[in-house]
Amino acid sequence: MSEVVAQLPRVLIVDDSRMVRASLIKQIRDKFDVREEVDGEAGWQSLLLDPSIEVVISDIGMPRLDGFGLLARIRGSRLSRVNTLPVLIISGEDENEARMKAQSMGATDFITKGTPRVELVARIEALVKLAQTRRELEESREQLVRRNRGDVSVMVVQVDGYDKLCESYGHSVGQLVHRKLSKLLSAKVRKEDTIAHLAEGQFAVISPSADLDACGAFALRLRRAIDTIVMTYKEHRIRISLTIGLASAHGDPNLALEELLQLAASRVADGALLGGNRVVSEAGEVTPDTIGRFSRLAVSVDHALTQIRSGSKDEARKRLRELVYTIMPLLELMEDDFRLSLNLLALAEKAQITSLDMHTTTSTATLVSNTSAVTQWRG
């Protein structure tokens with residue numbers, strides 16, 4: 001029997017420098033099937049004729065048609081297989097203005113000509129996965145909707161001020177933030193969810209069988225988790241925040257994945273205009289009070305203790321109400337078993353927790369009794 005050879009993902013490299021093309025091909029040829037062209041015009045013709053291309057890697061400065069022109073044609077194409085292709089732009093470390101222009105035109109990611117092989121391959125593999133995920137989801141859209149009764153939601157997650165972060169601290173710091181967010185997402189999403197890399201500092205999470213309440217709760221937890229991370233670079237302490245846009249198919253079998261992504265991305269833009277660091281859905285900003293049954297979000301007690309021990313008490317104070325809510329079941333259990341006369345009612349009042357918020361069946365009478373006992377003990 002003849003062996004079936006797996007087809008490698010096809011990548012198109014467009015650069016007028018033969019040395020640059022040769023260097024890139026040498027680094028990735030064991031992982032990808034590479035097609036190369038010398039300028040944007042030739043690259044464009046290849047895209048029209050070759051439907052197997054999954055990722056485009058393009059230089060900016062080229063004759064006939066430069067990288068910006070090629071990017072504009074790709075994003076403006078009426079062919080969905082072309083206009084959704086991930087485009088990786090080759091740029092120099094000092095080309096921030098060009099990078100920002102390319103990003104505004106729809107570039108998916110950026111590399112420099114000295115990018116290490118391991119990182120280069122990882123970035124291209126992520127883009128190939130993105131292209132394949134989009135294609136597979138679109139191809140199986142009817143089955144996906146039927147299987148989940150149209151209940152599919154999308155989140156677009158954006159690092160606030162990512163371009164400014166790269167400009168202030170260097171692109172390598174931006175990439176580190178991007179990788180941290182990628183790992184955090186991978187650790188927190190469900191097995192049935194799909195993570196897609198949309199651009200530098202931007203991801204999408206596609207969630208079948210999840211409504212906007214569930215996605216909103218997840219988005220708030222994610223934003224909160226990122227808010228606790230402090231990165232140190234030289235003498236600088238860097239904090240990052242996220243703006244997250246949500247969109248749902250609401251059972252509509254005619255709403256395509258790209259439309260959901262565009263809706264979620266537009267809500268990220270709305271959130272950014274409001275100052276960032278927020279979650280936005282079709283009804284406006286999402287808060288714990290607006291997401292129904294998923295609104296009670298536990299915080300990490302371990303993290304709060306670490307902050308206190310390290311001297312960051314003010315950071316823990318910002319979460320005191322939520323921390324009280326989180327540990328209330330433990331305190332109630334201690335009171336039930338040990339009869340410590342804990343003043344839980346006063347604690348709940350201080351934390352603005354109503355009787356409906358209490359986790360167990362501890363009665364108001366018991367709490368009042370405990371309050372009296374503590375008052376008498378204090379004399």
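This passage describes the nonpolar cores, a surface patch and the cysteines of a predicted model. Local features were taken at pLDDT of at least 70 and side-chain atom pairs at pLDDT 80 or more, whereas totals for chains, interfaces and linings use all residues. Residues are numbered from 1 along each chain as its sequence is written, and side-chain values rest on heavy atoms, with hydrogens and water left out.

The largest nonpolar core (buried Ala, Val, Leu, Ile, Met, Phe, Trp, Tyr and Cys residues joined through side-chain atoms within 4.5 Å) has 34 residues, and Met-155, Leu-181, Leu-185, Leu-222, Leu-242, Ile-244 and Leu-246 have the most contacts inside it. At least two residues of this core come from each of strand E6 (152-159), helix H8 (162-169), helix H9 (171-188), strand E8 (202-208), helix H10 (212-227) and strand E11 (242-248), where helices (H or I, at least four residues) and strands (E, at least two) are DSSP runs numbered from the N terminus. The most is given by H10, with 9 residues. A second, separate core of 21 residues includes Trp-44, Met-62, Leu-71 and Ala-98.

Cys-166 is buried at a relative accessible area of 10%, and Cys-215 is also buried, at 3%; buried here means under 20% relative accessible area, exposed over 50%, and partly exposed in between, with a 1.4 Å probe and protein chains only. The structure holds 0 disulfides, a disulfide being a pair of cysteine sulfur atoms within 2.5 Å.

Leu-79, which lies in the loop between helix H3 (67-76) and helix H4 (80-83), is partly exposed, with a relative accessible area of 39%.
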